[in-house]
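Biologist: I should like a close look at a single part of this model, beginning with the backbone and then setting that part in its wider context. Please give the reasoning behind each assignment.

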Amino acid sequence: MSYKSILVNLDIEGPIVPIVKAANELAQRWNAKLTGFCAADAYLPVTGPEGAELAAQVWRQMRDDDERRFKDLRKEFEALVAGAVATDWRVAQERPTYALTQAARIADIVVTGAADGAATKDTARRVDPGSAVLQLGRPLLVVGNDTDHRVGRKIVVAWKDTREARRAVADAMPLLQAADDVVVATVAPAIDQWARESLGDVVSFLAAHGVTARSETIESGRETDSLIELVDRHDADLVVSGAYGHSRLREWAFGGMTRSLLDEIRISRFMSN
């Protein structure tokens with residue numbers, strides 16, 4: 001298995017070097033096409049009737065500035081890739097999360113950063129990762145701040161016997177197959193026989209796909225904290241997990257583990273929904 005088309009999101013006002021380098025390394029690993037993507041929506045100044053024309057001029061200037069920034073980002077993106085893989089470039093003057101969701105149809109996997117964690121404050125200029133992961137219909141790889149450009153040397157699978165976690169394990173298979181070390185871990189207040197059998201089945205499933213993995217259980221009511229402690233103990237650079245959430249009145253709410261992992265910006269996170 002491999003990813004043949006990778007879409008990398010570059011926020012218009014954020015640093016792009018670590019994200020592009022990580023995505024470029026993945027694209028080289030599987031000889032995949034790498035598409036750079038950037039979207040931003042210009043603010044419409046709020047004024048009274050007497051200021052409408054001035055507001056329109058400011059809005060047009062912001063859009064022109066964004067167009068110039070798109071061109072600069074494309075040059076930087078192509079310089080960082082340096083011809084190592086086939087590339088494409090897409091932009092949109094639209095809300096970034098919505099635009100990325102539409103563009104995701106071309107990709108096997110979407111790569112992005114999350115400088116602010118789970119909830120982006122400025123959704124007109126940055127993708128909101130918490131909303132994106134629940135809407136993309138593709139796995140989302142969020143590159144951590146401490147990433148050294150090769151993602152997935154040591155992977156921890158945060159296992160729960162749910163549809164989302166099963167989807168994440170299947171979607172992450174190319175990364176799991178290339179990893180040096182894989183731990184499938186369950187953290188729960190009580191670990192029963194059913195949980196141990198579930199872990200054993202996942203390890204067997206991975207073995208059938210050429211992945212040597214071991215299981216680990218932690219009895220703890222501090223689910224996220226205990227998981228992060230395990231990640232640090234194993235010196236893992238990637239956590240694979242399901243993304244849990246639901247829509248309510250057109251707003252996206254996501255569960256505690258999903259939010260906590262997205263807020264853990266120093267490590268890379270792979271999520272599917």
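**An exposed loop residue and its setting**

Modeller: Asp-235 has a relative accessible area of 56%, so it is classed as exposed; the cut-off for that class is over 50%. The model is a predicted one, and the values below should be read accordingly. Asp-235 sits in the loop that joins α8 (223-233) to β9 (238-242). Its phi is positive, at about 55°, although the residue is not a glycine. Most residues other than glycine have a negative phi, which is the reason for singling out such a position.

Ala-82 offers a parallel case, with a positive phi of about 55° and likewise no glycine identity. Ala-82 belongs to the loop between α2 and β3, and its relative accessibility of 61% places it among the exposed residues.

The two elements that flank Ala-82 also supply the partners of an aromatic pair: Phe-77 lies in helix α2 (residues 52-81) and Trp-89 in strand β3, twelve residues apart. The ring centres of Phe-77 and Trp-89 are 5.6 Å apart and the planes stand at 35°, so this pair is tilted. In contrast to the exposed Ala-82, Phe-77 is buried at 0% relative accessibility, and Trp-89 is buried at 12%.

Searching the whole structure yields two aromatic pairs. In the other, Tyr-3 and Trp-30 have ring centres 5.1 Å apart and planes at 80°, so the geometry is edge-to-face. Tyr-3 precedes β1 and Trp-30 is in helix α1 (residues 17-30), so this pair ties together parts that are 27 residues apart in sequence. Both Tyr-3 and Trp-30 are buried.

Strands β1 and β3 appear again around helix α3: the buried residues of α3 pack against β1 (5-9), β2 (33-39), β3 (87-92), β4 (109-112) and α4 (129-135). Six of the eight residues of α3 (residues 96-103) are buried, so the rest of the structure largely encloses this helix. Those buried residues are Pro-96, Thr-97, Ala-99, Leu-100, Thr-101 and Ala-103.

For the chain as a whole, 50% of the 273 residues are buried, and the secondary structure comprises nine helices and twelve strands. Of the contacts with a separation of 6 or more, 80% involve residues 24 or more positions apart. The accessible surface is about 12600 Å², with carbon and sulfur atoms contributing 48%.

Conventions. Residues are numbered from 1 along each chain as its sequence is written. This is a predicted model: local features need pLDDT of at least 70, side-chain atom pairs count only at pLDDT 80 or more; totals for chains, interfaces and linings use all residues. Side-chain values use heavy atoms; hydrogens and water are left out. Buried means under 20% relative accessible area, exposed over 50%, partly exposed in between (1.4 Å probe, protein chains only). Helices (H or I, at least four residues) and strands (E, at least two) are DSSP runs, numbered from the N terminus. Contact means heavy atoms within 4.5 Å. Rings of Phe, Tyr and Trp (its six-membered ring) pair if their centres lie within 6.5 Å; planes under 30 degrees apart count as stacked, over 60 as edge-to-face and the rest as tilted. Accessible areas come from the Shrake-Rupley method with a 1.4 Å probe; for residues, only the protein chains shown count as cover.
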